[in-house]
Amino acid sequence: MPLPDPNTRHPIPGWKGTAFLKAVVDHPLIAVGDYSYYDDSRGPEHFVARCVRYHFDFIGDRLVIGKFVAIAQAAQFIMNGANHPLSGFSTFPFQMFGLGDPESLKRPGPNNRGDMVIGNDVWIGREAVIMPGVTIGDGAIIGTRAQVTKDVPPYAVVAGNPGRVVKMRFPPEIAAELLAIRWWDWDADKIARHIDAIQGADIDALRRAV
């Protein structure tokens with residue numbers, strides 16, 4: 001059975017609570033890879049409005065989501081527009097209202113930590129919070145209601161507030177091989193043919209699929 005078209009709005013027959021994000025996200029500062037989805041019983045088409053917070057065009061930071069990312073209901077991606085100045089006497093964001101130097105909002109620093117990058121094959125649990133500028137590595141799992149304040153290594157499991165790595169999914173040598181194989185970059189037909197190897201835990205079987 002082939003994979004569905006990654007631009008399908010509702011890829012699960014009879015269920016409108018899940019959407020492939022490529023079909024519902026149209027924002028110049030958000031990039032989404034094939035087959036990444038958002039699940040929300042209230043309507044996944046509202047992903048940007050409900051989940052991507054403080055994302056202002058005049059700041060210019062990007063949210064980059066890789067392929068085969070699974071995002072549960074009410075996960076929050078906090079962008080740099082949430083940051084307030086901390087180095088002076090006032091934390092009020094005057095530049096947001098046209099006062100002061102608006103270009104300061106674009107410059108790297110404590111108030112602009114750069115793009116947020118979610119790797120491939122990442123699972124983000126319900127109501128997890130990802131803070132500005134964080135990179136989540138390929139294959140990572142972010143637990144329900146975890147608050148992620150710093151970068152997450154590939155194939156790590158993060159839980160808690162503040163989020164911390166509670167374990168690694170695989171030994172380092174297996175994780176390194178998975179990162180080299182990059183099954184998510186295979187064409188859809190090849191992925192469909194080798195689902196058992198991708199979902200299994202036999203690295204030899206995955207090697208043979210390459």
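In the predicted model, strand β12 (residues 141-142) runs parallel to β14, and the two are joined by 2 bridges. Within this pairing, I141 has V157 of β14 as its bridge partner.

On its other side, β14 meets β15 in the sheet order. Here the direction is antiparallel: β14 (residues 156-159) and β15 (residues 164-168) are joined by 4 bridges. A159 is bridged to R164 in β15. The hairpin of these two strands leaves 4 residues between them. Among them, G160 adopts a positive phi near 95°. The loop between β14 and β15 also holds P162. The peptide bond that leads from N161 into P162 is cis, with omega near 0°.

These strands belong to an open sheet of 7 strands. The order is β1-β3-β6-β9-β12-β14-β15, and the pairing is mixed. The edges are taken by β1 and β15; each has a single partner strand, so one side of each lacks a neighbour in the sheet. At the β1 edge, the partner is strand β3 (residues 37-39), which pairs with β1 in the antiparallel sense over 3 bridges. A19 finds its bridge partner in Y38 of β3. Strands of a sheet pair through backbone hydrogen bonds, either parallel or antiparallel.

A further open sheet contains 4 strands, in the order β4-β7-β10-β13. Its pairing is parallel. β4 (52-53) and β13 (147-148) form the edges, and because each has a single partner strand, one side of each is left without a neighbour in the sheet. Strand β10 (residues 129-130) runs parallel to β13, with 2 bridges between them. In this pair, I130 stands opposite V148 of β13.

Across the protein, the secondary structure amounts to 5 helices and 15 strands. The C-alpha trace spans about 60 × 40 × 25 Å along its principal axes. The radius of gyration is 19 Å; a compact globule of 210 residues would have a value near 17 Å, so the two agree.

Pockets were examined next. The largest pocket encloses about 960 Å³ of space. Its lining comprises 34 residues. Nearest its centre lie F68, D121, W183, I198 and Q199. Elements giving two or more residues to this lining are β1 (18-20), α2 (172-181), α3 (188-193), α4 (195-199) and α5 (203-209). The largest share comes from α4, with 4 residues. By residue class, the lining of the largest pocket holds 28 nonpolar, 3 polar and 3 charged residues.

The second largest pocket has a volume of about 230 Å³. It is lined by 16 residues. Those closest to its centre are P85, Q95, S104, L105 and N111. Its lining divides into 7 nonpolar, 8 polar and 1 charged.

D121, one of the residues nearest the centre of the largest pocket, also has a notable backbone angle. Its phi is near 55°, a positive value in a residue other than glycine. D121 is placed in the loop between β8 (116-118) and β9 (123-124).

Aromatic contacts were then counted. The protein has 10 aromatic pairs. Ring pairs join F20, Y35, F68, W183 and W184 into a cluster. Two members of this cluster, F68 and W183, are also among the residues nearest the centre of the largest pocket. A charge-ring contact is found as well. The charged end of K190 sits over the ring of W186, at 4.4 Å from the ring centre.

Terms used: Residues numbered from 1 in each chain as written. Predicted model: local features only at pLDDT ≥ 70, side-chain atom pairs only at ≥ 80, totals over all residues. Heavy atoms only, no water. 1 Å grid on protein atoms, 1.4 Å probe; cavity = no way out; pocket = protein on both sides within 12 Å on 5 of 7 lines; lining within 4 Å. Points joined across faces, edges and corners; volume = space filled by probe spheres on them. Nonpolar A, V, L, I, M, F, W, Y, C, P; charged D, E, K, R; others polar. Phe/Tyr/Trp six-rings, centres within 6.5 Å; stacked < 30°, edge-to-face > 60°. Lys NZ or Arg CZ within 6 Å of the ring centre and 35° of its normal. Pairing = 2+ DSSP bridges. Rg over C-alpha atoms; globule rule 2.2 N^0.38 Å.
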